[in-house]
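User: Please take me slowly through the salt bridges in this model, and for each pair tell me where the partners sit along the chain and whether they are buried or exposed.

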Amino acid sequence: MFKSLVVANWKMNPLTSEEALRLFKIVKKELKNIENNIQIVICPPFTQLSTLSSQLTTNLELGAQNCFWEEKGAYTGEISPKILRNLDCNYVIIGHSERRKYLGETDKTVSKKLKAALKNNLKPILCIGETQEQNRESKTDKVLIHQLQMALENVSKSEISNYKLQVAYEPVWAIGTGVTPNTDEIMSVKLLIRKILAKMYSRSIAEKVRILYGGSVSSKNAGDFIKHTGMDGLLVGGASLKATEFVRIVKNVIARSKFRKG
Ligand code: PGA
């Protein structure tokens, strides 16, 4: 079984590189002696990546929150996967619902970014999730299947083999609200994602994709999300900005991963 993964999505925080470094160093120090069965990925704003890149360890890696699909050229304001690789970034979040909602991210752009990330040896963390309205209308499965299929439309088996892809189920209505699906609901989404991946590729490829849950994760619910849903890890937003809370989440994941279902 592969390592559990905890991703910290700092979003547009903190406001300075000094603060980012301080936060990172506390997490690093607190988790210095952690077991080898966990991978932690910190995704700060682009401007803080170079400050943090000197601090990495085998368990503590860097990710970006977005990337462009071209490698270089006249694309004002964009950051390419190649630039990210040159900053020691190993992962990239793609298709976060906040980008879909506020920044015009579409299934098409998500698909292009995913392909470009893989081509440049960045491991994508693909975010999919239904809105509250879609959830209320029982359209969750349909929406997730659609988003997954569109994102992976042009991606071949070999491109996602060997644990390169992570899919994060992030119900839009659970992000930053303190409200979450129950563990049965999360488990059924995990099984659905695996099933779709197995259909698109093969069972063995699907089993090598890490499936994460994100949305109002805290130290109170993190352990249950791992133990009772079989999720391979968590994507943590707000709670990752408080060092002690984030460290608690990671420790809970380590403790519960051993008992994980499915
Ligand atoms: P949250 O955010 O943990 O603050 O709900 C999760 C995310 O948006 O990735």
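Analyst: A residue is called buried under 20% relative accessible area, exposed over 50%, and partly exposed in between, with a 1.4 Å probe and protein chains only. The model is predicted, so local features need pLDDT of at least 70 and side-chain atom pairs count only at pLDDT 80 or more, while totals for chains, interfaces and linings use all residues. Residues are numbered from 1 along each chain as its sequence is written, and side-chain values use heavy atoms, leaving out hydrogens and water.

The structure holds 14 salt bridges, each being a side-chain nitrogen of Lys or Arg within 4 Å of a carboxyl oxygen of Asp or Glu.

One of them joins R22 to E19, and the closest N and O atoms of this pair are 3.2 Å apart. Both residues belong to helix α1, which covers residues 17-30 (helices are DSSP runs of H or I with at least four residues, numbered from the N terminus). Within helix α1, R22 and E19 are 3 residues apart, which is about one turn of the helix. R22 counts as partly exposed because its relative accessible area is 46%, and E19 falls into the partly exposed class too, because its relative accessibility is 32%.

A second pair to look at is R100 with D107, whose side chains meet in a salt bridge with N and O 3.0 Å apart. Here the surroundings are described by another word: R100 is buried, and D107 is buried as well.

The salt bridge between the side chains of R256 and D224 has an N to O distance of 3.6 Å. This pair links distant parts of the chain, since R256 lies in helix α12 (residues 243-257) and D224 in helix α11, with their positions 32 residues apart in the numbering. R256 is partly exposed because its relative accessibility is 30%, and for D224 the value is 33%, so D224 is also partly exposed. Besides such pairs, there is also a network, in which salt bridges that share partners join E71, K82 and K119.

To put these examples side by side, the pair in helix α1 links two residues about one turn apart, the pair of R100 and D107 is formed by two buried residues, and the pair of R256 and D224 ties helix α12 to helix α11. The idea behind every such contact is that side chains of opposite charge can pair when their charged atoms come close.
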